[in-house]
Structures are given as structure tokens and as C-alpha cells.
Amino acid sequence: MTPPVMTASAASSSAAAATTIKKVRMHMSSASANILNTQPTADHTTKFVLDQDFVSSYRTIAPPFGFNGLGEIVYRRTYSRLKSDGVSREKWFETIERVVNGTFRLQQQWMIQNNLPFDTAKAQKQAQTMYDKIFYMKFLPPGRGLWAMGSPLTEERRLFAALNNCAFVSTRRMWEDASSSAARPFAFLMDAAMLGVGVGFDTKGATVARERGILVGNPETRPQSTFVIPDSREGWVESVGLLIASYLDPHSVDNFAFDYSQIRPAGLPIKGFGGVTSGPDPLRELHEAIRQTLTRNSGTPLSVSSIVDLMNLIGKCVVSGNVRRTAEIAFGDPDDAEYIDLKNYEVNPHRAAYGWTSNNSVFATVGMDYSEICKRVQLNGEPGFQWMDNARKYARMGEETTRDARIEGANPCNEQCLESYELCCLVETFPDNHENLDEYLETLESAFLYAKTVTLAPTHWTETNRVMLRNRRVGASISGVAQFVTRRGIDQLRVWLDAAYARIQKIDRAVSEHFCVPTSVKTTSVKPSGTVSLLAGATPGMHYPESRFCIRRVRISKLSDLLPALESAGYYMEDDVVDNSSMVVEIPIDHGEGIRGLEQVSMWEQLALAAFLQKHWSDNQVSSTITFDPEREGPMLKHALDYYQYQLKGISFLPRLDYGAFPQMPYEAIDENKYNEMIKGIKSVGLHLVEDTDQNEPEAERYCNNDS
């Protein structure tokens, strides 16, 4: 990181500013140094590489991408990275090679640095099995893993945090550690979000500030120091941490102005992360918004509104910075009117500009009265509900545990209960892509091994490493649940899941013993899935599709060599009405014979399925957004929660509203006749053989959220 240039208006101010910078930086720099110090100092063995004859045997095989080419288009757009020549892009067999090599090199490094034997022959056999399972989409790493594992981001820059989907940070201990800044939770969220990690947070810092009489300061009365912002992710994060700390650290004497001159102008490609630079404007706007927010709060304890505002404003900056979306979830008190009204834009009209960056949920308690809060849910689906007592007490529901008593919240999609500063790696399996249970149980060996391997990699955050070294939390997930139930029935799903859960515990014990690490505190989840399930032709997580037949629209850069091939194949395409650098391609989708659309699945059945999966599969949580009819089922929400509060750890709702059609909707329901008409005009062109020379890095799936 480029050292900042300090121009102090007073010597004492400069010294104080230097102290603050040191405090804010400490957690980034010490962790980075530790990562470097833990690498092997000698080349004890050759770096792991998959057998090249084995990999070459897959070169001409057409991958079984799902949904009439949609899966392959999404892969080429989202996960096919530039190769080392800087000109051509990966094909599917090459992406898997990179991912599997990266996975086993992580294992190799772990074993060597801990003076443990690394069995190259055994690793080669396991790696080839993993490769085959990914190629045929029996399981897939998360989008984060497909994009980052084995790439320069992890192999050279050692940014292993980018392999993880999600995180949580609590504001409860903001003022407890004298060596750390009170701005730490906010800086952590920004750093994680810029790496593509979705973050949940709570508002408990407001209670602590009120009870301890800690007041927000006013740095504008102090001598000013100028901080020159380095042109890096770290530089942006550090500037935000310094500014917030100048208001929140009780004994701060700092007042920072910022020099943005080192930040690149807008429109330049971002190496490694994809996308283009935004220039300094989003950061400048964030700094000003932070000043306005905390100046309003000056002289009083930090408020719930200010905490959520700061996190949301950071999210907005990240969206307009180097990524297209952000994922946040806020957790608050169900009896706190200030918190509940945060998304009431009649009460808080100024929040409409940034309140959308987080889903808001409440820490519910079993036995509470849901009447009033469900009136809010009926309007727009928020807040969601998180029962922390259930999450702490149970692994799978009904199976009591004491191992996870320290959890404090959850990730944005609510499939992972987490401690503060904890991350989690998810992996996605597709039971319905298997012929029988034995084949699925075999797949779990490779899927769990991938996720457990990610827990071996240190992050650049000391607080995170402290938790992850102890917990080794994994989220082995399932997608295509609706397809499985349609084809094989709910009782077969029960049989498969109970057997699979038992197998995963056995796998965890064996893998943990091999790596000499603790068994995972929890192992299974149901994530909502994003684009990963599209690759495999699976419905996302536990959710039913909008309809059996639909049109899925995908945006593709006009620079992509895929466009002529798609046009030749007969896919309809047109100019993007939003982004004139892209084309929109229409792909007809059939989710499978007999599958019901969401309108045919009641709120009660969706809740029952979520509870079923929480009992038979997920010892973490089940990410479920329950769609309901606001007129017919809305008045029943309170009663539904009264019954299901004993069977769930978290849940959210979404009213089914008729928003009307708008141009180029991502999904459009169609009937079978329309589907058949569209599919008749499409012919296979072997997209897996098409070279793509678009030299822009793909912008990978962020977080773990679904396509909606």
C-alpha cells in the first residue's frame, strides 16, 4: 500500500493523526504480514498440478450446461477469466483445472507449513475425482470460488477472503478494545464488500453508547490534517475508517481532509476484479455523507439510524465504485420504532437514496407478539425474522448443540449464523443431477473437501482468523429442491438428506483429522443460489420457479465473441435499453415436466418446506424468502409465525405484487406453445468451442443472493 502523504496544520495534530492512522491500519497490516510469514520458506515439493493428459481428455467434451444454453452463456459472461496470455479466455475445462489446482495447492501449502506429509498420489486421485464432479455439475464451488480460486487474486495477492461468500460483524464491542478504532466494524464491512463478500451487521452499538454515555464528537472544531488517499481498495477503506474514527473514538483529536489526486479517473479496467474504475466521485460523496450523518448525531450517543445509515452509505459507494451490487443485512430490535421505521420513507424520506442497500431483519424471540410487525411485512416484506436462541441451541432443528453459542447474527441471505467478523464458504450440490443416492454420497466427498480446504486459507483480518481457525464453519448447500420433489417426491428427499447429512459428518471427521484441524462447528446450509444454479440447470435452493416455462434475458458485452455464435444459433437478441455497450439475449427455459410455478405453491407449503429442510438437512440455516398473496395470505402472517417460530432459525417474506411489465425483464413467464415456438428456431452451435477474445475481466457473482 502506498504510504500516505500527511500535511498537518499543526505539529500536534499531525502526531495525533499518525496515531489514529496506525490504530486503523493495524488490523490490515499485521494480518497481511502474518500471511506472508506463514508461507513455506523452502520448496519442499513440486507445486501441485493436475495430470495434463487427464485434463486434455475433457477438452472436446460438451459440458452439460443447463437451460438450453443459458448455463453456458452465464458461465462465459461471469466466470471465464482471461488466461495468462491476456488475450484469450478460459473454457469450462480450463476453469475447473484452475479451481482444482488452486484447491489442492492450498492443501499442499497447509501440510508443508505445518510439517505434515502431503501424499501427492492420493491428492492427484482426489483432484481428478473433484474435477469430474465439477465438470458434470454434480456439485459446484460457489461463484466466488469459480471466479477466484487458483487465480492471481489468491495465488499471488493471497486475498483468500475473496473465496468466501458472506460475513457478519457486530457493533456491540466498538469501544471495548483500546488498541482498535471504534470505526472498525464499518471499515470491515467496506473492505469485505469491495472483495465481493456480503456482510450482515447489528445495531447494538447504539445501546452500548447510550448506556455508557459515549457521545459522537465534532472533529470540525479541531486543527485539520490532509490524508492523501492511495489508489487501492485498502486506501479507500482506510480513508473511511479514519473519518468515522474522528467522530466516534472518544478521545480523538483528529480532523481529516482528503486528497483524491492519486485515484485513477473513471472508465479504466480494474485488473483482477473485473469492471471499470469509477473515479474518486463515489468516495468523495461517501465522505461528505458520513460527515453529514455524524454531524447530525454530534453531542449525543450514536443512534440506531446513524449505524444503519453509515453501513448503507458504504454499500451505495461500493455499488457505484468497482462492483455492480452489494449485499447487506441489518439486524435490530423488534420493539425499536426507530429501527422499524428505517424503510418507511414517509417518515425517513432521505433514506430512499440508500436504504435499499440492506435487507432489514429483527432479532425475534420465541413467544413474542408478531401482530404489529406483520402489518409492516404485509406492505413490503420487511423486516425478516432471525431467532438467535434457536440458532444457538440447535444444529439441525431438534438436535441440541453447545458448540455454536457465540454466534451473534447472520449473513445477508440468512443461511449462515455467524460470530462477529466470521466468514463462511458455501458449496452447492445438486441432488437431482444424480441417478441414485450412492452417487450423491460420493459427490459429497469432493464438495465438502473443497469447502473445508477454503477454511485453511488465512484472511488479512486478524479478528476473522481468530474465529475461523476455531470454527472452520462450512455451508454445504443443495439446489434443485423443487425439481427433486417434483420428480421423486418429498419422502425420497427426506431419505437422501438424512443419509447425506450423516455422511458429511463422517467426511468432516476424516478430513479434519487429515488436516489436523477442528471439525466444523456446523456443516450444511440451504443457500438461495445466484447464477451458479443456472450453470447446472437447477432451480435455486429451495425455491420454486415463477413458472415452468419462461424467457430468461441475459446481458452480454457487444465485444464478446459469443454474440455471433448465439445469433447464428437462432437466439433472439436486441440492444440493451439501459447499457448501450451490451446486447440482451433471450433464452427459453423449461424447468421440468410437472414442476409447479410459484403461484401454485402456497405460503404454508413454502414454510413447511423450509422447516423440513431445517430439520433434515441444514445445521446452519435455510435461506428462504416466502412469497405470499398480500390480500389472501397477508392477514395470516402472524399466525404462520406463531406456528413456525419453533421450527425455523430465520425467515423472510415477499408480497406477490403485480408491478406490471417493464422492458427486458430478467424473467418473463410464457406458456408451452410459446416455448416450443422459440425452441424450434434454436440449433446447437457448440458454444464450448467458441473462442472469446473479449479482454475485459468478468465481473463475478457477488455474495450468495439469488437472481431477484
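**View 1. V585, a buried residue in strand 18.** In this predicted model, V585 has a relative accessible area of 0%, so it counts as buried. You'll find V585 in strand 18, which runs through residues 582–590. Look for R552 here too: it sits 33 residues away along the chain, yet the C-alpha atoms of V585 and R552 are separated by 8.2 Å. Leaving aside neighbours within four places in sequence, V585 is in contact with R552, R553, V554, I556, L563, L566, Y571, Y572 and M573.

**View 2. G541, a buried glycine in a loop.** This one belongs to the loop between helix 20 (532–536) and strand 16 (549–557). Buried or exposed? G541 is buried, with a relative accessible area of 0%. Skip the neighbours within four places in sequence, and G541 still touches I478, S479, G480, V481, V526, K527, P528 and S529. V622 is 81 residues away in sequence, but C-alpha to C-alpha it is 8.9 Å from G541.

**View 3. Helix 8 against helix 10.** When two helices pack, we describe the pair by the angle between their axes and the distance between the axes. Here the axes of helix 8 (residues 184–194) and helix 10 (residues 233–248) come within 9 Å and cross at roughly 160 degrees. Angles over 145 degrees count as roughly antiparallel, so that's what helix 8 is to helix 10. The crossing is right-handed. From helix 8, the residues taking part are F186, A187, M190, D191 and M194, and they meet R233, W236, V237, V240, G241, I244 and L248 in helix 10. Sorted by class, that contact has nine nonpolar, one polar and two charged residues.

**View 4. Helix 4 against helix 5.** Now for another pair: the axes of helix 4 (residues 92–113) and helix 5 (residues 120–135) come within 10 Å and cross at roughly 140 degrees. That angle makes helix 4 oblique to helix 5. Helix 4 passes helix 5 in a right-handed crossing. On the helix 4 side you can pick out W92, F93, I96, E97, V100, T103 and F104, which meet A123, Q126, A127, M130, Y131, I134 and F135 in helix 5. The contact of helix 4 with helix 5 has 11 nonpolar residues, two polar and one charged.

**View 5. Helix 19 and what covers it.** How far should the 26 residues of helix 19 (residues 490–515) span? At 1.5 Å a residue, the answer is 38 Å, and the end C-alpha atoms are 36 Å apart, which agrees. Buried residues of helix 19 include L493, W496, L497, Y501, I504 and F515. Among the elements covering the buried residues are helix 4, helix 16 (437–454), strand 15 (474–478), helix 18 (481–488) and helix 22 (603–616). Right after helix 19 comes C516, with a positive phi near 60 degrees.

**View 6. Some unusual backbone spots.** Most residues other than glycine have a negative phi, and most peptide bonds are trans. N115 isn't a glycine, but its phi is positive, about 55 degrees. N115 is in the loop between helix 4 and helix 5, and it is exposed, with a relative accessible area of 74%. N414 also isn't a glycine and has a positive phi, near 65 degrees. Its place is the loop between strand 12 (409–410) and strand 13 (417–418), and at 8% relative accessibility N414 counts as buried. Finally, a cis peptide bond joins E382 and P383, with omega about 5 degrees. P383 is in the loop between helix 14 (371–380) and strand 11 (384–387).

Conventions:
Residues numbered from 1 in each chain as written. Predicted model: local features only at pLDDT ≥ 70, side-chain atom pairs only at ≥ 80, totals over all residues. Heavy atoms only, no water. Axes fitted to C-alpha atoms, helices over the stretch in contact; angles between N-to-C directions. Helix = DSSP H or I, 4+ residues; strand = E, 2+ residues; numbered from the N terminus. Parallel < 35°, antiparallel > 145°, perpendicular 65-115°, else oblique. Left-handed = near helix turned anticlockwise from the far one by under 90°. Contact = heavy atoms within 4.5 Å. Nonpolar A, V, L, I, M, F, W, Y, C, P; charged D, E, K, R; others polar. Buried < 20%, exposed > 50% of the residue type's maximum accessible area, 1.4 Å probe, protein only. Expected span 1.5 Å × (residues − 1).
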